[in-house]
Amino acid sequence: MKGKGTVMMALAAVLCLVLAGSVQAQAPAAKNVVIGFTASQTGKLNVEGMRQINGLNLWMERVNAAGGVKLADGSVVKFTSKFYDDESNKGRVQEFYTKLINDDKANFLVSPYSSGLTDAAAVIAQQNNRIMITAGAASDSTYKKGFTLVYQTYTPASRYLTGAVDILAKLDPKAKKIAIVHEKDKFSTDVVNDLKQYAEGKGYQIVLFEGYDAGTTDFAPFINKFPKDVDAIMGGGHFADTSTFAKQLHEKGIKPTVVALLVAPPEPKFAELGEAAVGIIGASQWEPAAKYSPEAAKAKNLEWFGPTVAEFVEAYTKKFNEEPSYHSAGGFVAGLLIEKAIAKAGSIDTEKVKAALDAMDIMTFYGHLKFDNTPAAHGLQVGHDMIYIQWQKDPKGALVKEVVWPEEAKTKDVIPMPKKK
Amino acid sequence: MQLLTSLIDGLLIGFVYGVAAVGLTLIWGVMSVINLSHGPVMALGMFSTYLLFTNLGVNPYLALIAVAVFGLVLGLVIYAVAVHRVISAPHLSSLLATFAVNMIIIGIGTAVFSTSPHNIDFSLGSIYLGPIILPAARLLAAVAAILFTVLLYLFLYFTRPGKAIRAVANNRMAAELMGIPSAQVLALSFGIGTALAAVAGGLIATFFPFTILSGGPYELKSFVICVLGGLGNPLGALLGGLLLGGLEGLIPTFMPVSWVPVLEFGLFILVLLVKPSGLLGAKT
Amino acid sequence: MKALQRFGFWLPVLFILIWGLYILTVRQDSAREQAFTLLMFVGLASSLNILLGYTGYVSFGHIVFFGLGGYSGFYFLSAHNLPLLLSALLGGVVSAILAGLIGLAVLRLRGAYFALATIGVNEAARAFVSNFEPFGGATGLFVNYSVYQGFGGPGPALWRTFIYLWLIVLITVIISYVIKNSRFGLGLLAIREDEDAAMVMGVKAPRAKTLAFMFSAFFPGVIGTLYFFKNGNVEPGDAFSLHMSIEMLVMVMLGGMGTVFGPVIGAVAYQGLRGFLLTSPLFKNLHLAIAGVFLLLIVLFVPAGAIGWLRERFLKLRKVLE
C-alpha cells in the first residue's frame, strides 16, 4: 500500500511539473483591464468630450502596442475601453457608471466632462471601490466633499485664471480696474470667485462682476456696461459663449490692456474669429508648445514618465488629423496616470493603485502631476500649473498662438491688446 | 449714452427676433399649431448660410434667398409628413408631432455637424455714429429683417395665395366653402413660417457663432414675443420682437444681466394672464 | 374598497410591486440603477397624467415641480440636515403649495395658452433659482460624501433611495387610480370633455383643477429630492430641463392619456428604448433621431397610446385596463 502511495505521489508531482511547465511555456497570461467612462458624444459639451476620448484612445493604443504593463506577479496587463454617451446631461450618468462597473467590468474609471456630471459619477465610483481619474472636472469643490478615490488631472479652478492678474501687473503696473463676466455654471463661477479674491488681494478694483446663462449669445448688454477706462476683462465660460464674447468685444471696439478668457482661446478653432482673436489671452492646461522635458524633470528632481511633448503631438496629429488641444492631452494623461500607478503598484488592486497615486510625484509631457493626499481635499491636483497663451500676429500677418506665461515656458513676450486705429 | 447704445443694440436684434416670431405666429394663426420644430429649423438656416458661405463663397446676405427657399421646401415637407395628419387632433398631438421633428433634426444635425460652434467669418467691421459703435452686421440684419417682413406683408395682402392664407386663418370652414383648397393653403403657410425661421437663423449666423442646438433659446424667445404681440398676429410679433429686444438692451443697465430672463418670462406670464390677446390686442 | 376587487387597479400596482421586489431580491447594482431611471419616469409620467390625462390641461413645463420641489427638499437635506424621507416629503409639500398658488393664476387659461404659460413658469423659475443665493445660485447645492456614511456607505444609501422611490411611485399610481375612480375624478374627466358644460352641471371647476394640479405637483417634488440626493448635487440646468418636461408628455402620450396603466407602460417603453439606443453601439450617433422617428409614428398612427389603442380595439379589455 505504502509503495503504491509513493508512486501516486510521484506521478502527481510529475503531472504538476508538466502542467506548470506548459503554463510557463506560454506567454504570461495577459490580463485585460477595462477603462470605463461616459463621454459627451452629443449635447452641448461634445467638442471637449470628443477630444478627450481621442486622447485616451491614443494612450491606449500606445501602451498596448508597447506590450502593456507588467505586474509584480509576472502577468501583463493590456487595456481596453468602454464608454457610453451621457448626452452632456446628468440624467443617466450614475446608471451608466454602475453598468460600466458591474456589466462591463470596468477596473478603472475616467470622469465625464464637467464638474456636475463628475460629482454624480464619483458617488458610484466610491460605492464600488473604483478609482476615477477626472479630466475636465476643474471645480475644487469636487475634491472637498470627502471622496477618497477621485484624482484630478487638471489644475483646479482656484488657480485657473489667477495668472492673468499677474500678466496685467507686468504689462501695466498702473492698471487698476478689472471687469469679470462669466458663465453661470459651476466651473466658471468657481474660477471667477477665486480670481476675484486674488485680484482684490492684489489691490485691484473689480468694476463689474456678473454672470450670464449658459447658451447666451448676445453680450452687448455686458459690453455696454464696461467703464471706458477698464484695464482688463476676464472670465468667460465654455467654448461657444466665450468665442462669441471675444467676437463681440472686437466688434464693439473694446480693447483694454488684457482680455483673458476661459476654455475657448487655447482651442485651435478659436483662430476662426480672425481679427477678433488678436491679443486675446487664454488659460490652458497644456499646449503643444509647452516646454516640459526629461531634462526639466531632472532639474526639478522629478521622475519623467511617458512620451515627450513632440512625440505626443506628432502621434496625435497623425492619427486624428488635428492639432491636440489640452482636452486631448487631458484624456491621454488620464490613461498615463492609470498606467504609471499600476506599474508602480505592480497590481490592479484598488488599494495598491490608490497608494501609488497618493504618492505620485512625476513629470510628464503634460507637466508636473501630484495630488493632495490630505482628507480635506483628497485628489486635488497640486503639482500642475496653468499655461497662458496669447493669439498674436506673426510678421506675415497670420494668427499664431504663443505661450506667454509663465516666464520660463514662454515662446513670445506677452503684448498688450493692440488698440483700435 | 450707455442707455442709448444698449437700446439701439437691443432694437436691432429685436428685428431679427421679430422675423422668427412672425413665422411662429403665422403658423399658429392659420392652423393653431405651436411649432416646436421652429428652433431646429432656425439652426438649419444658420448652417445653410454657413455652408453656402464657406463652401461656395456665397455672400451670406445673398444666401438668404436660397435659405428662404430651403426653409419653404423644408416646411412643406414637415407639414406633409408630420403635421397634416394631426391638424384637427387635440393640441397635444401637433405639439408632440413637431417635437418629434425637433428630435429628428437635432439628432441628425448632431451626427453631421457635431455640437461644436460654427462661425461665419465675414466681418463687416463696425459703424461709428459719434460715440455709439454699432456692429455693421447687426444693422444689415435689421434691414434684411424689415425687408422680409415687408415682402411677407405684400404677399399676404396683394397676392391670391396670400389672401387665401388670411381667409383660412380667419375661418377655415368658411374658406373651404368658398372653394379655397385649405390643405394647400395650410401647407403653404407652414412653409412660409419655417422659411421665416430659416431666414432669421441665417441672419443670426452673420453675427453670432452657433451650434446645432442654438435654435432652442430663440424658439423660447419667439414664444414670448408671440404672446407679447398677440398669438396669430404677424405685425404684433414684429413689434413684440422690438419690445423684447429693447428690454434685453435696457434691463441690464439697471440690474445684473442674469435677471433678464426672470423679468422676461415674468412679463410673459403676466401678459398671458391679464391680456392674452397680446399687448397690442388687435385681434382676439 | 371596491378598488381592491378590480383588475384595473391590481395590474399597475402589482406590476410596480413585483418589479421593485424583483430588484430587491436580485440586489444587483446595475439592475437597480436602470430600474431607478425607469421608475423615476414612471412616477413623473403618472403624476403628470393626473393633470394632463384627467383634466386635459397640457402642462408643458411640469418639470418645474420636479425642479422646485427637488431643490427645496435638497435644501432641507443639505442645509438643515433633515432626514432624507422627511426632506423629500417636504419637497413634495412645497411643490404642491407652489402649484396651488401658480394654479390659481394659470389654470384660468385654456388650451395652448395654458401650455405656453407653463413653459414661461418653468423658464422663469429656472432663471430665478440661478440667481437665488440660498439655493446656491448658478452653482447649485451639494451634499458632502460623508452624508452617505450616515446610511452605512453609498451602497446602502443608494438602495434606501431606491426603496423610497419605489414606494413613492407605487403610491403615485394608487392615488392616480383612486382619483380617477372617485367623484372628484369624474368631475375632472367632465372638465376634460367640456369645461363649460361641467361647470353648468355643478362641477366646481376652478377648485377641482387646482386640486388636480397640486396632486400632480406633489409627487415630482418628492421624486426630485430623491433623485438629486442620489446624484449628490443639483444645478439649475438639471432641475428645470424643458426637454425632460416634453419627454414626460411623450411618455404619457405613448402609454395612453387618462389611463392609469398607460403612463407606466409609456415611461418604461420610452425610457427603455432611449436607454437601449444610447448604449447600443449600432445607433449611438443617431439615437435621438431614431427616438424622434419612433415618436412621430406613434403620434401619427396610434394617437391614443398603447393602452388607449387596446381599449378602443378590444372592448372587453376596457374592464381590465384602466
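Trainee: In which sense do strand β13 (residues 361–364) of chain A and β14(A) pair?
Mentor: Keep in mind that this is a predicted model. Strands of a sheet pair through backbone hydrogen bonds, either parallel or antiparallel. Here 4 bridges link β13(A) and β14(A), and the sense is antiparallel.

Trainee: Which residue in β14(A) is the bridge partner of Met363(A)?
Mentor: Met363(A) falls within the range of β13(A), residues 361–364. Its bridge partner lies in β14(A). That partner is His368(A).

Trainee: What is the strand order in the open sheet of 3 strands in chain A?
Mentor: The pairing in this sheet is mixed. β12 (303–304) and β14 (367–370) of chain A have a single partner strand each, so they stand at the edges and one side of each has no neighbour in the sheet. The order is β12-β13-β14.

Trainee: How many residues of strand β15 (residues 387–393) of chain A are buried?
Mentor: A residue counts as buried when 20 or more other C-beta atoms lie within 10 Å of its own. By that test β15(A) is mostly covered. Of its 7 residues, the buried ones number 6.

Trainee: How many bridges join β15(A) to strand β16 (residues 399–405) of chain A?
Mentor: β15(A) also pairs with strand β11 (residues 281–284) of chain A, antiparallel, over 4 bridges. In that pair, Ser284(A) has Ile387(A) as its bridge partner. β15(A) and β16(A) run antiparallel too, and Trp391(A) stands opposite Lys401(A). The number of bridges joining β15(A) to β16(A) is 6.

Trainee: Which residue in the turn of the hairpin of β15(A) and β16(A) has a positive phi?
Mentor: The hairpin has 5 residues between its two strands. One residue in the turn has a phi of about 95 degrees. It is Gly397(A).

Trainee: Which residue is joined to Trp405(A) by a cis peptide bond?
Mentor: Most residues other than glycine have a negative phi, and most peptide bonds are trans. At Trp405(A) the bond is cis, with omega about -5 degrees. The partner sits in the segment after β16 of chain A. It is Pro406(A).

Trainee: Is Asn129(A) partly exposed or buried?
Mentor: First, its place: the loop between α4 (115–127) and β5 (131–134) of chain A. Its phi is positive, about 55 degrees, although it is not a glycine. Asn129(A) has 13 other C-beta atoms within 10 Å, so it counts as partly exposed.

Trainee: Is Asn81(C) buried or exposed?
Mentor: Asn81(C) is in the loop between α3 (63–80) and α4 (84–106) of chain C. Its phi is positive as well, near 55 degrees. Exposed residues have 12 or fewer C-beta neighbours. Asn81(C) has 11 inside 10 Å, so it is exposed.

Trainee: What distance separates the C-alpha atoms of Asn233(B) and Ala21(B)?
Mentor: Asn233(B) lies in the loop between α9 and α10 (234–254) of chain B. It counts as buried because it has 23 C-beta neighbours inside 10 Å. Ala21(B) is 212 residues away along the chain. Yet the two C-alpha atoms are separated by 9.9 Å.

Trainee: How far apart are the C-alpha centres of domain 1 and domain 2 of chain A?
Mentor: Domain 1 covers 30–155 + 289–377, and domain 2 covers 159–284 + 386–409. Their contact takes 16 residues from domain 1 and 14 residues from domain 2. The side of domain 1 that touches domain 2 has 5 nonpolar, 7 polar and 4 charged residues. The centres lie apart by 29 Å.

Trainee: Which element gives the most to the side of chain A that touches chain B?
Mentor: In this interface, 30 residues of chain A are in contact with 29 residues of chain B. The elements of chain A that give two or more residues are α2 (46–65), β8 (205–212), α7 (220–223) and α8 (239–251). By class, this side of chain A has 8 nonpolar, 11 polar and 11 charged residues. The top contributor, with 6 residues, is α8(A).

Trainee: And which element gives the most to the side of chain B that touches chain C?
Mentor: Here 35 residues of chain B are in contact with 35 residues of chain C. α4 (91–113), α9 (215–229) and α11 (260–274) of chain B each supply at least two residues of that side. By class, the side holds 27 nonpolar, 7 polar and 1 charged. The element that gives the most, with 15 residues, is α4(B).

Notes: Residues numbered from 1 in each chain as written. Chains lettered and ligands numbered in written order. Predicted model: local features only at pLDDT ≥ 70, side-chain atom pairs only at ≥ 80, totals over all residues. Contact = placed C-beta atoms within 7 Å. Nonpolar A, V, L, I, M, F, W, Y, C, P; charged D, E, K, R; others polar. Pairing = 2+ DSSP bridges. Domains from an automatic or database assignment.
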